[in-house]
Amino acid sequence: YIRQDLGLGGSYYAGIEAVLAAGMLVGSALLLKGWPRMGKGKLWLTGMTADGLTYGPMLLAPAFPLLVPLIFIHAYFIPWITIARVSLVQDLVPDAMRGRVFSFMGMSVVGMTALSAGITGLLVEIVPTHLLFGCWGMLGMACGLIGWMVPRLRRL
């Protein structure tokens, strides 16, 4: 997006990666303070919904200055998903199976990342990058919203 759509160089990409890291660190630190006030299921669903919602504005093809806070807010919610997911596995999966489930989750993330990167690489030749990010964001948000309709997930 930064190179192809905005025409900016590597230093801008590095800046966005730094903003992404800062958002995740702030999200993780503040999550530790707020964890007792929100159940893990609600935390996970909020993170998933917000993760997609924060990529929705990409549909408007924001300029670099607007991309910075958008990416920070997006990254802030990533730990809500990852930390809640790991914690839920620890709570719900029997000790004897936990290693297998974590292994499966890890391999699924790695495998899906590879597939996603490949498919995205093909699609950006056809679809503008900002539309692709925005659409993926809306689909992610839809998953979170659908999850909110499942009472059992909210109670986790």
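**View 1. Ser87 and the burial cut-off in the predicted model.** A residue is called buried when its relative accessible area is under 20%, computed with a 1.4 Å probe. In this predicted model, Ser87 has a relative accessible area of 11% and is therefore classed as buried. The residue belongs to helix H3, which runs over residues 64-92.

**View 2. The side-chain contact between Ser87 and Lys40.** The side chain of Ser87 is joined to the side chain of Lys40 by a polar contact of 3.1 Å. Ser87, the partner that lies in helix H3, is the residue described above as buried, with a relative accessible area of 11%.

**View 3. The helices of the protein chain and the contacts across its sequence.** The protein chain is made up of six helices and zero strands, and the order read along the sequence is α-α-α-α-α-α. When contacts between residues at least 6 apart in sequence are considered, 78% of them join residues that are at least 24 apart. Taken along the principal axes, the box filled by the C-alpha atoms is roughly 50 × 30 × 30 Å.

**View 4. Surface, burial and charge in the protein chain.** The accessible surface of the protein chain amounts to about 9300 Å², and carbon and sulfur atoms account for 73% of that area. Of the 156 residues in the chain, 31% are buried, and Ser87 is one of the buried residues. The chain carries 11 positive and 6 negative charges, and the mean position of the positive charges lies 15 Å from that of the negative charges.

Technical notes
Residues are numbered from 1 along each chain as its sequence is written. This is a predicted model: local features need pLDDT of at least 70, side-chain atom pairs count only at pLDDT 80 or more; totals for chains, interfaces and linings use all residues. Side-chain values use heavy atoms; hydrogens and water are left out. Helices (H or I, at least four residues) and strands (E, at least two) are DSSP runs, numbered from the N terminus. Buried means under 20% relative accessible area, exposed over 50%, partly exposed in between (1.4 Å probe, protein chains only). A polar contact is a pair of N or O atoms within 3.5 Å; within protein, one must be able to donate a hydrogen and the other to accept it, and residues adjacent in sequence count only if both atoms are side-chain atoms. Contact means heavy atoms within 4.5 Å. Accessible areas come from the Shrake-Rupley method with a 1.4 Å probe; for residues, only the protein chains shown count as cover. Lys and Arg count as positive and Asp and Glu as negative; His and the chain ends are not counted. The place of a charge is taken as NZ of Lys, CZ of Arg, CG of Asp or CD of Glu.
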